[in-house]
Amino acid sequence: MKFLMLVITLIPNFLITSAQDIDILYGVKIELRDGVQLNATIYKPHEQKEALPVICTMTPYINDTYHERGTYFAANGYVFASIDVRGRGSSDGTFEPFTQEANDGYDIVEWLAKQPYCNSKVAMWGGSYAGYNQWATTKKLPPHLKTIVPAASVRPGLDFPISNGIGCSYAIQWFTSVSGKIGNDNLFQDYYFWKSKYTERYEKDIAFNKFDSLVGNPDKNFKKFTAHSFMDNYFKNMSPNEKEYNQMNIPVLTITGCYDSDQPGALSYYREFMTNAPLSAKNNSYLIIGPWDHGGTRTPRKELGGLTFGDAALLNMNDLHKQWYDHILKDSVKPMFLQNKVAYYVTNTDKWKYAASLKEIGKTTDTFYLNSANSTQNDIMHSAFLQPDAPENKTIPATYVYNPLDKRLGAIELNWSVLTNQTMAYDIKNDGVIYHSAQFENETEVSGFFELKAYIQTDVKDVDIVANVYEIKLDGSSVFLTSNAIRARYRESLETEKLLLPGEINLFDFKDFSFISRVIEKGSRLRLLITSPNSIQIQKNYCSGGIVADESAKDAHIAHVKIYNDSNHPSILIMPFVNN
């Protein structure tokens with residue numbers, strides 16, 4: 001008896017409350033059109049009496065990962081199917097990321113719709129790769145797919161494995177995590193191993209396309225992806241096109257976060273769907289933007305990167321999904337949370353706000369002119385200025401230097417998880433330019449998308465430039481707001497390369513800042529930091545104008561960067577705000 005009591009006390013709470021009334025069909029085989037069989041685990045209400053809607057997810061992370069979600073939905077009136085994608089887990093075939101999910105997803109939906117436990121209505125669930133899967137499947141128009149709920153949806157070629165044309169070190173970590181058939185969670189989560197390998201590649205200037213060999217995992221998928229450095233047809237064909245959106249006549253609930261690394265992908269799908277889908281589908285589709293990072297879009301947390309959010313940030317995602325599925329699949333009422341087409345959380349007020357469209361948020365803007373006159377530009381205490389009026393005609397441009405072989409800033413992490421750190425600003429020296437605004441006279445809700453239009457000149461053919469925006473509070477503390485990076489050769493389009501002409505002044509339009517919502521406090525200032533990223537976290541640009549993934553120290557060129565701010569070249573930062 002004591003042993004039995006011990007076992008019960010060790011059972012997780014969610015199993016005690018939900019798993020007691022479910023049945024599981026383990027090792028179910030779903031045969032695809034080419035004969036390949038995928039492995040699925042099916043979660044059903046205990047002794048299911050009638051056919052029900054089926055919710056499915058396709059994962060490269062081994063379907064047992066979603067056991068908790070499966071038990072929840074099965075205990076709440078649904079059948080849930082967790083499926084290993086082709087080539088992963090116990091599924092047959094070979095895994096080729098982002099290339100097989102569209103047709104396989106169609107076959108899965110239609111197979112599930114024919115099963116005796118299904119009432120012919122199928123929906124999809126999942127985030128990140130499983131968010132991408134939903135869009136890929138939907139573009140093939142499976143007739144029994146009734147709704148999708150993509151969260152933090154990755155978009156190949158836009159935010160992974162390259163972001164705005166810049167490769168990320170995390171790519172090899174991810175490709176290694178999905179190598180072979182089995183799960184590789186322990187290796188994937190070994191922070192010290194990956195940091196050491198990121199650092200070794202960086203310190204030794206090893207070409208990015210050899211990163212897989214450095215970590216001991218020569219990987220054909222990594223090689224294939226790094227061979228494509230911009231949004232070419234290889235990447236574009238992985239996502240829906242305009243014609244396919246035109247036919248997507250199902251409601252969609254999109255979820256992302258202010259600090260979600262795949263926010264660009266999630267919002268690009270959403271915008272394209274809302275532009276091109278049938279009116280009936282658009283009228284029944286919604287968007288949620290919370291104060292979350294990538295994982296928080298499925299499991300919200302109150303603390304992130306030095307910030308603490310209120311209780312309203314902790315949406316019960318299982319319950320919200322259930323309400324949505326009840327609404328679409330069981331003709332129930334719409335979730336009360338969805339009070340308008342877009343819901344967004346203001347990160348320091350613990351309040352959700354609503355808008356009729358994404359464009360409505362922050363449609364009012366304020367303009368700050370960049371001015372480096374009478375400043376030291378690179379000193380946080382004597383910075384350049386963000387001012388309401390245009391500077392005079394002969395203002396000298398701000399300048400900084402980017403040396404790919406200078407490792408001084410390499411250990412400073414510019415990533416989403418550090419939202420209150422000021423190390424980069426204090427250590428920037430001649431490696432970037434800092435601008436500050438005057439103090440805000442009143443509290444101001446800054447919600448929407450910043451934009452920076454900067455006239456830039458350099459003496460190299462290519463260079464990466466990043467712009468970060470922060471709130472600097474009255475006590476001197478900092479809160480990261482948003483960021484945008486441009487690889488110069490893609491300054492006009494991610495679909496075409498155009499190298500710089502050294503000595504020529506070009507307008508760089510940083511128009512893809514991530515969405516942010518925060519009330520800037522009275523007395524706070526804005527900080528704009530412009531630099532060229534030189535970090536272990538990303539692929540290093542050696543500024544030669546060649547194929548960046550092939551480059552190493554021998555290809556390095558030093559870039560001298562000038563940011564103009566005179567009457568002929570008025571560089572400006574545009575801030576979105578909401579009048580309350």
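1. A good place to start is the second largest pocket, which holds about 440 Å³ of space. A pocket here is an open set of points on a 1 Å grid over the protein atoms alone, where a 1.4 Å probe fits, with protein on both sides within 12 Å along at least five of seven lines. The volume is the space filled by probe spheres set on the points, with grid points joined across faces, edges and corners.

2. Please keep in mind that this is a predicted model, where local features need pLDDT of at least 70 and side-chain atom pairs count only at pLDDT 80 or more, while totals for chains, interfaces and linings use all residues. Residues are numbered from 1 along each chain as its sequence is written, and side-chain values use heavy atoms, without hydrogens and water.

3. Now the lining. With lining residues defined by an atom within 4 Å of a point, the second largest pocket has 18 of them, and R271, S357, L358, K359 and F449 are the closest to its centre. Helix α13 (263-276) and strand β27 (572-577) are the elements that give two or more residues; both are DSSP runs, numbered from the N terminus (helices H or I, at least four residues; strands E, at least two). The largest share, four residues, is from α13.

4. On the cysteines, the count of disulfides (pairs of cysteine sulfur atoms within 2.5 Å) is zero. For C56, the nearest cysteine sulfur belongs to C118, 9.6 Å away. For C543, the nearest is that of C168, at 19 Å.

5. C56 is buried (under 20% relative accessible area, 1.4 Å probe, protein chains only), at 0%. C543 is also buried, at 2%.

How values were computed:
Buried means under 20% relative accessible area, exposed over 50%, partly exposed in between (1.4 Å probe, protein chains only).
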